[in-house]
Amino acid sequence: MKNLSALQSACIFILFLTIAFNTQNISAQGCVAIKGNATSCMSIHPDSTNVSGWQFASSGRYFRSFRHFSGTEENKDRLVQKTEVINYTSVFNLSLTRILNNRWSVMVDLPISNNVRSSLYEHGLVNGTYVKRERHSTSSFGIGDIRFAAYRWMLDPAKSTKGNIQLGLGIKLPTGDYDYKDYFYNVGPNGTKELRTVDQSIQLGDGGTGFTFELNTFYNFIENFGVYGNFYYLINPREQNGTRTYRETIASRLANEAIMSVPDQYMFRAGFNYSVNQIKGLSLAAGARLEGIPVYDLVGGSGDFRRPGYIWSVEPSVNYEYKKVVLFASVPFAVVRNRTQSVTDKENSVTTGTHVQGDAAFADYTINIGISTRF
């Protein structure tokens, strides 16, 4: 998987969805590592129905992150000097839902990730000194953290036909490799390559057992026009997973970032949707999307290494339903990108007496696409 171009990664993404197409629906990015489980919040959860059954969904997202931000300010010199870090990320989610009745459903979600990270600063640094600085790539591929969840429509679907609220609670298991390794060049004795842990942004999992909370809601003003909202939050009580970052080899001030943190993550979507009367089954939507990693976790410690931050995006989407099959696609375009100051940044600011704030690479847009079917 090494040295894949953006086109090759996109082809793998399309190939995977083509295979999964035969099987029905869907309703963070870059160095700010939003893992695959957050994409499940994009799924269209089972409609209120009295018919029990199964629903299988295959969804995916692709993005290329390369614009570096510290706070909300872009470091444009990185592109001019060609020192930017470039992440190519494709995440595929396979989910199986059992609809128990018109109120309850349960779901299992499996993410599969393919990542390639191209960088200059990670290759050629020996004991804090660049001996042979060259751009190389590291990669990771495999399953991520599996999640189980249960959902309930809070209002009686038979009576609340114009709007409803669905709550979901789940558990995320540390099934994804959080110590994935690849070769880094010109970093060993005499400039040799070494097998090291890849960057946190392309690790397959985070190493923590987490708990998820979801809220999905809609309200129709008229038959074919309404609003929607989705909220997802992952609580990771574990503070750090013991995986080495090698950041202490870059500078002594990064010694407190030597181990990877296990951060919380979140996503929020809201907007308007419109059903096209002239084309049966077609609906369009437009709204705002927020996703990110907080500076402080809700439960447990927040130290060690993480890149906290968030992305606000404008998200147009299209949805098409034919019989038991639903197709979905959206392309969120980033309008605000903010790499916030981490706990270790704040500690270093106190220690050095100067403001310290790391940067992170973000994408301009992401591509989300999916299909689901009931049976």
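This is a short tour of a predicted model, going from the whole chain to single residues and then to a patch on the surface.

**The whole chain**

Start with everything selected. The protein chain has 375 residues, and 53% of them count as buried. Its secondary structure consists of three helices and 21 strands. Show the surface next: about 16,200 Å² of the chain is accessible, and carbon and sulfur atoms account for 61% of that area.

**H68 and its surroundings**

Select residues 53-70, which make up strand β1, and pick out H68 within the strand. Is H68 buried or exposed? H68 counts as buried because its relative accessible area is 4%, under the 20% cut-off. Now display what surrounds H68. Leaving aside residues up to four places away in sequence, H68 touches E73, E74, N75, R78, E84 and V85, and also D359, A360 and A361. For V85 there is a distance to check: its backbone nitrogen is 2.9 Å from a polar atom of the H68 side chain.

**Helix α3 and the residue after it**

Move to residues 343-352, helix α3. The buried residues here are V343, T344, D345, N348 and S349. Then step to G353, which follows α3 and has a positive phi, near 80 degrees.

**Two loop residues with positive phi**

Select Y246, in the loop that runs between β14 (240-244) and β15 (259-261). Y246 is not a glycine, yet its phi is positive, about 70 degrees. The residue counts as buried because its relative accessibility is 16%, again under 20%.

Go on to D304, in the loop between β17 (282-293) and β18 (309-322). D304 is not a glycine either, and its phi is positive at about 65 degrees.

**A nonpolar patch**

For the last stop, select Y219, F221, I222, F225, F272 and Y274 and show their surface. Together these residues form a nonpolar patch with about 580 Å² of accessible area. Which strands each supply at least two residues of the patch? They are β12 (210-222) and β16 (265-275). The largest share, three residues, comes from β12.

Finish on F272, which is placed in strand β16. F272 counts as partly exposed because its relative accessibility is 47%, a value between the 20% and 50% limits. To compare with the earlier stops, go back to H68, which at 4% is buried, and to Y246, which is buried at 16%.

Notes:
Residues numbered from 1 in each chain as written. Heavy atoms only, no water. Helix = DSSP H or I, 4+ residues; strand = E, 2+ residues; numbered from the N terminus. Buried < 20%, exposed > 50% of the residue type's maximum accessible area, 1.4 Å probe, protein only. Polar contact = N/O pair within 3.5 Å; in protein donor to acceptor, adjacent residues only side chain to side chain. Contact = heavy atoms within 4.5 Å. Areas by Shrake-Rupley, 256 points an atom, 1.4 Å probe, with all protein chains shown as cover. Patch = residues over 30% accessible without salt bridge, like charges linked within 9 Å, V, L, I, M, F, W, Y side chains within 5 Å. Salt bridge = Lys/Arg side-chain N within 4 Å of Asp/Glu carboxyl O.
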